[in-house]
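Visitor: Pick one residue and give me a close look at it, please. After that, just keep walking me through whatever else seems worth a stop.

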Amino acid sequence: MKVVKFGGSSLATGEQFDKVVNIIAADSERQVIVTSAPGKRSQHDTKVTDLLIHYAQQIQQHQDATTTVAQITDRYQEISAFFDLPPETMALISHKLGALATTPFADADHLMAAFKAHGELLNAILLAAVLTHQGIPAKFMDPKDAGFLVGGEPNNADVLPATYLNLSHVSLTGPRIIFPGFFGYSPSGDIYTFTRGGSDITGAILSRGFKADLYENFTDVDAIYTVDPRIVAHPAVISKMSYREMRELSYAGFSVFQDEAIIPAVQGQVPVNVKNTNNPTAPGTLIVPEQFLFNPANPITGIACSARFSALYLHRYLLNKEVGFTLKLLEIFQRYGISYEHMPSGIDDLTIIFDQSKLDTPTINALCHEIRQTLKPDYLEWIDDYAIIMVVGEGIAHTVDTMGRVIDSLTQHDIAIQMINQGASRISIMIGTQRKDAAAAVRHIYETFFVKSEV
């Protein structure tokens, strides 16, 4: 049995719906289908989720939302008209949209979560109707009826362990199950939504809960590539990769989907197949547990870079002999509510790497001041011009020259390495460079391992 998730671009128009119908019909094992809300139809279009957020804001501010509701309704009506559905489906969708405006909610957060979730909910209702109309038996399943329980906050949900027990009792025989992504229900019956990658999370949870043989995640790309195609034109495709390779690469910029979204599938040991709705016969990329991997011909699976980092460089003579120095530093971070990403060190030096998006200038200034006052370093420097490159591959742990080849590919092109670190897992090499050098560094490493090796 397969759980299949379709992204917003795959469900944006009648034409795209038709592709989805054909994909579902082509494989009887595609038994559980997870929907996203309709995405953009063109570059300047608006996602239905964004329209629903606007609708929620208008209701909160006691404004007339007639035009917004009409815009949302038109998106579903366009798809319904493409398949010439009977009017009952659109009547139900229109009723549910309108009822939101008069439904009482505990507070603004609960209201926003419920409004946002309706993009996926209404699309699941619509897809079930389309499939049935096309002769493919299908039924809409509300997460509440499946016992899909979540905790956390209304707009930042976490799946509850009871969900997996509840899902184990759901019958998977009979019509295809069409399940809305992005949200679940709190034990008190309120709608809570996941954060980024919401429908991906739902698909991963269902894959684990239903003990699926495969989780197919349909997007708008043929596969995951070894590098960002914006950096290297026509890069090689990754045919198979491990979960932990995916996580390492996602950390530094891979964006097919949020890496944390597939954690439930990882926990359930369910392989994930990333495929393209617009080219469904392409094999895509298979993300598997480590034990499913073959011995890779190339030690490198992928290369990613991100410029979202800053670094704090600290030098103090005999640092390695001072007991408790790092503890004092971490206590300062805790007081400011700051987490760090990495902390490579030497006998007299520390480099602490931060996610810059989580810091602001006043916090940085106060942090540096307190470190100077408390720890009295010989030298302290805040570095904003910082990028991290991740070179990732299960094969790195089994080769002796990969690190040297990576370093040579950069130094031969006059790219300065500010930091280099191989993780304890031995499947990744982290390199710090100036931001202006990051893209070039990726290209040179790619050429070393994927171009020169082909000659």
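Visitor: What is the relative accessible area of Q31, and does that make Q31 buried or exposed?

Guide: One thing to keep in mind as we go: this is a predicted model. Q31 has a relative accessible area of 9%, and the cut-off for buried is anything under 20%, so Q31 counts as buried. You'll find Q31 in strand β2, which covers residues 30-35. Leaving aside residues up to four places away in sequence, Q31 touches M1 and K2. Its other contacts, counted that way, are L172, G174, P175, R176 and I177. Now look along the chain to Q43, twelve residues from Q31: the C-alpha atoms of Q31 and Q43 are separated by 32 Å.

Let's move on to the helices. Helix α1 takes in residues 14-25 and helix α5 residues 108-133, and their axes come within 11 Å, crossing at roughly 65 degrees. The crossing of α1 past α5 is right-handed. On the α1 side the contact is made by F17, V20, V21 and I24, and α5 answers with N123, L126, L127, V130 and L131. Sort the residues of that contact by class and you get eight nonpolar, one polar and no charged.

Next up is the pair α2 and α3. Helix α2 is residues 48-60 and helix α3 is residues 66-82; their axes come within 9 Å and cross at roughly 155 degrees. Angles over 145 degrees count as roughly antiparallel, so that is what α2 and α3 are to each other. The crossing of α2 and α3 is left-handed. From α2, the residues in the contact are V48, L51, L52, H54, Y55 and Q58, and from α3 they are T68, V69, Q71, I72, R75 and Y76. The class tally for α2 with α3 comes to seven nonpolar, four polar and one charged.

Further along the chain, α13 packs with helix α14 (residues 435-451) at an angle of about 130 degrees, the axes being 9 Å apart. That angle makes α13 and α14 oblique to each other, and their crossing is right-handed. T402, R405, V406, S409 and L410 of α13 make the contact with A441, H444, I445, T448 and F449 of α14. Here the residues divide into five nonpolar, four polar and one charged.

F449 is a handy lead to T301. Along the sequence T301 and F449 are 148 residues apart, while their C-alpha atoms are 9.6 Å apart in space. T301 sits in the loop between β14 (285-288) and β15 (302-315), and with a relative accessible area of 12% it is buried. Not counting residues up to four places away in sequence, T301 touches T226, I238, M241, E245, V392, G393, E394 and F450.

T226 on that list deserves its own stop. T226 lies in the loop between β10 (224-225) and β11 (237-238), and at 2% relative accessibility T226 counts as buried. Setting aside residues up to four places away in sequence, T226 has contacts that include P235, A236, I238 and F254. T226 also touches T301, G302 and I303, along with Y446 and F450.

Then there's some backbone geometry for you. Q269 isn't a glycine, yet its phi is positive, at about 60 degrees. You'll see Q269 in the loop between α10 (263-267) and β13 (272-276), where it is partly exposed with a relative accessible area of 37%. D414, also a residue other than glycine, has a positive phi near 60 degrees. Its place is the loop between α13 (402-411) and β18 (419-422). With a relative accessible area of 72%, D414 is exposed.

Last stop, the cysteines. C305 counts as partly exposed at 22% relative accessibility, whereas C368, at 7%, counts as buried. As for disulfides, the structure holds zero of them.

Key
Residues are numbered from 1 along each chain as its sequence is written. This is a predicted model: local features need pLDDT of at least 70, side-chain atom pairs count only at pLDDT 80 or more; totals for chains, interfaces and linings use all residues. Side-chain values use heavy atoms; hydrogens and water are left out. Axes are lines fitted to C-alpha atoms, for helices over the stretch in contact, and angles run from 0 to 180 degrees between N-to-C directions. Helices (H or I, at least four residues) and strands (E, at least two) are DSSP runs, numbered from the N terminus. Angles under 35 degrees count as roughly parallel, over 145 as roughly antiparallel, 65 to 115 as roughly perpendicular and the rest as oblique. A crossing is left-handed if the near helix is turned anticlockwise from the far one by less than a right angle, and right-handed if clockwise. Contact means heavy atoms within 4.5 Å. Ala, Val, Leu, Ile, Met, Phe, Trp, Tyr, Cys and Pro count as nonpolar, Asp, Glu, Lys and Arg as charged, and the others, Gly among them, as polar. A disulfide is a pair of cysteine sulfur atoms within 2.5 Å. Buried means under 20% relative accessible area, exposed over 50%, partly exposed in between (1.4 Å probe, protein chains only).
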